[in-house]
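Trainee: I'm new to this one and would like a close look at a single part: the place where the protein meets one of the DNA strands. Could you walk me through it?

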Number of protein chains: 2
Amino acid sequence: MFSKACEYGIRASIFIAEQSLLDRKVSLKDVAEAIDSPAAYTSKILQKLSRNNIINSDKGPTGGFSMGKKELEKVKLSSIVFAIDGESIYNGCGLGLKKCNEKMPCPVHNQFKMIRDELKKMLETTTVLSLAVDYEKGFSFLKR
Amino acid sequence: MFSKACEYGIRASIFIAEQSLLDRKVSLKDVAEAIDSPAAYTSKILQKLSRNNIINSDKGPTGGFSMGKKELEKVKLSSIVFAIDGESIYNGCGLGLKKCNEKMPCPVHNQFKMIRDELKKMLETTTVLSLAVDYEKGFSFLKR
DNA sequence: TAAATAGTGGACAATTTTATCCAATATAAA
DNA sequence: TTTATATTGGATAAAATTGTCCACTATTTA
Ligand code: FES
Ligand code: FES
């Protein structure tokens, strides 16, 4: 479904959001441990999220990653997926043709379109904040 | 969504099904041209489909790939996806945790489960035959 | 200002996926 | 029985993704 990088990105964002709710900045190491991911690789992903204004990062001692109120309010899962995996979820063809195309559809176009549109809607309406709140309550897990 | 191999596998199956409806066996080359895929790679995929009794293959002159009436009647998209990509579509976690797990769900479990269940249902109810019939009528395309 | 800390960026390595090549096998027809 | 044809299987190769290492920059604090 998503690339490994994107999975890490989503999990990291939820963790950072949750800690930000508690007014805590977190270090790369914190994130990697919280979501059980390779630190150096995670670093690249956080950089990308940072450049896309999904999280912010501060250097130096007392530095780390965090999300401000604005980000917490507006970041949806779709923002993260788009930043990391690009627009393939939106215009990719389920059978790998160059692009999804209504006029010259692949054999499963109609079936795929329905499911993809729901996925899209889900990603666009689910906020990282809401997921972070649930996570904070212990309802969900970022590693096992 | 699916691996490239799986995409080729589905497209190949639809083409083979359609040609079988016209009582034609097709060669590897025919398939690769019809779906615009690398022949040697496609060969591996057809072998896997053949070993899983999704298509049959005959060696020697007049040989080639085909689907019999039984296969045409019972092969669903899910058979192909399962044969090539395995069960990850069924039990994989959307955020990459070891396995999807109701008891210790990842933060997007509920949202994902809904979509994945629909995808699953779609794959399990869509026959290759129905897609082949539409393709035969010129309603859909296997390459562009 | 010096030292310690934390993210950044670039090069590089490992792994997985995708793709190619070729000899071997099976089969049909001449 | 020979020849031609078509799939099979194994060994490689190329490309993409995932993962690592390390020197550098920015920043805080002593
Ligand atoms: S053309 Fe294949 S999904 Fe739309
Ligand atoms: S636990 Fe992640 S999708 Fe079910």
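**Around DNA strand D**

Mentor: Sure. DNA strand D is surrounded by 26 residues, and the closest are A:Lys4, A:Pro38, A:Pro61, B:Lys44 and B:Ser57. Keep in mind that this is a predicted model.

Start on the DNA side. Of the strand D atoms within 4 Å of the protein, 63% are part of sugar or phosphate, and the rest are part of bases.

Now for some polar contacts to the phosphates. A:Lys4, one of the closest residues, has a backbone N or O atom 2.9 Å from a phosphate oxygen of DNA strand D. For B:Leu28, a backbone N or O atom also sits 2.9 Å from a phosphate oxygen of that strand. With A:Tyr8 it's the side chain that takes part: one of its N or O atoms is 3.2 Å from a phosphate oxygen of DNA strand D.

Which elements give two or more residues to this surface? From chain A they are helix H1 (4-21) and helix H3 (39-51), and from chain B helix H3 (39-51), strand E1 (56-58) and strand E2 (64-66). H3(B) supplies the largest share, four residues. By type, the surface near DNA strand D has ten nonpolar, nine polar and seven charged residues.

Let's follow H3(A) away from the DNA for a moment. H3(A) packs with helix H5 (residues 77-85) of chain A at an angle of about 115°, their axes 10 Å apart, and the crossing is right-handed. H3(A) brings A:Ile45, A:Lys48 and A:Leu49 to that contact, while H5(A) brings A:Ile80, A:Ala83 and A:Ile84. Five of the contact residues are nonpolar, one is charged and none is polar.

Terms used
Residues numbered from 1 in each chain as written. Chains lettered and ligands numbered in written order. Predicted model: local features only at pLDDT ≥ 70, side-chain atom pairs only at ≥ 80, totals over all residues. Heavy atoms only, no water. Near = heavy atom within 4 Å. Polar contact = N/O pair within 3.5 Å; in protein donor to acceptor, adjacent residues only side chain to side chain. Nonpolar A, V, L, I, M, F, W, Y, C, P; charged D, E, K, R; others polar. Axes fitted to C-alpha atoms, helices over the stretch in contact; angles between N-to-C directions. Left-handed = near helix turned anticlockwise from the far one by under 90°. Contact = heavy atoms within 4.5 Å.
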